[in-house]
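User: I'm new to this one and would like a close look at a single part, told in an easy-going way. Could you pick one residue, say how it sits, and then work outward from there to its surroundings and the chain as a whole?

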Amino acid sequence: MNRKIILSGKPAAAIEESNFSLVGGKMPSPDNGQVLARILWLSMDPALFGRLRDDDNYAEKTNPGETMQCYGLAQVMESKWRDRKST
């Protein structure tokens with residue numbers, strides 16, 4: 001099963017659990033040039049709050065219905081990536 005946490009609504013002030021939803025679905029298969037990765041660790045640090053605010057700041061915005069972006073560590077489970085070394 002594929003699970004992801006999406007933003008349900010922008011927080012008015014403090015971030016609350018109700019601002020996010022857990023969504024499940026079928027495990028995707030990678031297309032050519034893609035990999036399927038299992039997330040092991042995520043970095044959910046306070047700087048990510050900037051992605052949720054509507055004011056101008058350095059961070060790319062996350063809108064309701066979108067998956068929050070962050071850094072993490074993953075294990076490649078399936079690969080359809082070909083090493084394309086330049087000649």
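Analyst: Let's start at Pro28, which is partly exposed, with a relative accessible area of 40%. That value lies between the 20% that marks the upper end of buried and the 50% above which a residue is called exposed, so Pro28 gets the in-between label. Keep in mind that what you're looking at is a predicted model.

Where does Pro28 belong? It is part of the loop that links E2 and E3. If you skip residues up to four places away in sequence, Pro28 touches Asn2 and Leu36. Now look for Glu60, 32 residues away along the chain from Pro28: the two C-alpha atoms are 26 Å apart.

To place that loop, it helps to know the layout. The chain has 4 strands and 0 helices, so reading along the sequence simply gives β-β-β-β. E1 covers 2-7 and E2 covers 20-25, E3 runs over 35-42, and E4 takes in residues 72-79.

Step back to the loop between E1 and E2, where Ser8 has its place. Ser8 is partly exposed too, at a relative accessible area of 34%. Leaving out neighbours within four places in sequence, it is in contact with Ser18, Asn19, Phe20, Ser21 and Pro64. Glu60 can serve as a landmark again here: it is 52 residues from Ser8 along the chain, with 17 Å between their C-alpha atoms.

One of those partners of Ser8 is Asn19, which sits in the loop between E1 and E2 as well. Is Asn19 buried or exposed? Its relative accessibility is 9%, and the cut-off for buried is under 20%, so Asn19 counts as buried. Its side chain reaches the backbone oxygen of Gly9 at 3.3 Å. Gly9 also turns up among the residues Asn19 touches, alongside Ile6, Leu7, Ser8, Lys10, Pro11 and Ala14, again with residues up to four places away set aside.

Now hop over to the loop between E3 and E4, home of Thr62. Thr62 is buried, since its relative accessible area is 2% and anything under 20% earns that label. Not counting residues up to four places away, Thr62 touches Leu7, Lys10, Arg51, Leu52, Thr67 and Met68. Leu7 and Lys10 are also on the list for Asn19.

Next door in the sequence is Lys61, in the loop between E3 and E4. At 27% relative accessibility, it counts as partly exposed. Beyond its neighbours within four places, Lys61 is in contact with Gly50, Arg51, Arg53, Asp54, Asp55 and Glu66. Arg51 is shared with the contacts of Thr62. Leu48 lies 13 residues from Lys61 in sequence, and 9.6 Å separate the two C-alpha atoms.

For a residue in a strand, try Leu73, found in E4. Its relative accessible area is 48%, so it still falls under the 50% line and is called partly exposed. With residues up to four places away left out, Leu73 touches Arg38, Ile39, Leu40 and Trp41. Leu40 is 33 residues from Leu73 along the chain, yet their C-alpha atoms are 5.6 Å apart.

Finally, the whole chain. Of the contacts between residues at least 6 apart in sequence, 60% join residues at least 24 apart. Only 16% of the 87 residues count as buried, Thr62 being one that carries the label. The C-alpha trace spans about 50 × 35 × 20 Å along its principal axes. The radius of gyration is 16 Å, where a compact globule of 87 residues would have one near 12 Å. The accessible surface comes to about 7,200 Å², with 52% of that belonging to carbon and sulfur atoms. As for charge, there are 12 positive and 11 negative ones, and their mean positions are 10 Å apart.

Note on methods. Residues are numbered from 1 along each chain as its sequence is written. This is a predicted model: local features need pLDDT of at least 70, side-chain atom pairs count only at pLDDT 80 or more; totals for chains, interfaces and linings use all residues. Side-chain values use heavy atoms; hydrogens and water are left out. Helices (H or I, at least four residues) and strands (E, at least two) are DSSP runs, numbered from the N terminus. The radius of gyration is taken over C-alpha atoms; the globule rule is 2.2 Å times the number of residues to the power 0.38. Buried means under 20% relative accessible area, exposed over 50%, partly exposed in between (1.4 Å probe, protein chains only). Contact means heavy atoms within 4.5 Å. Accessible areas come from the Shrake-Rupley method with a 1.4 Å probe; for residues, only the protein chains shown count as cover. Lys and Arg count as positive and Asp and Glu as negative; His and the chain ends are not counted. The place of a charge is taken as NZ of Lys, CZ of Arg, CG of Asp or CD of Glu. A polar contact is a pair of N or O atoms within 3.5 Å; within protein, one must be able to donate a hydrogen and the other to accept it, and residues adjacent in sequence count only if both atoms are side-chain atoms.
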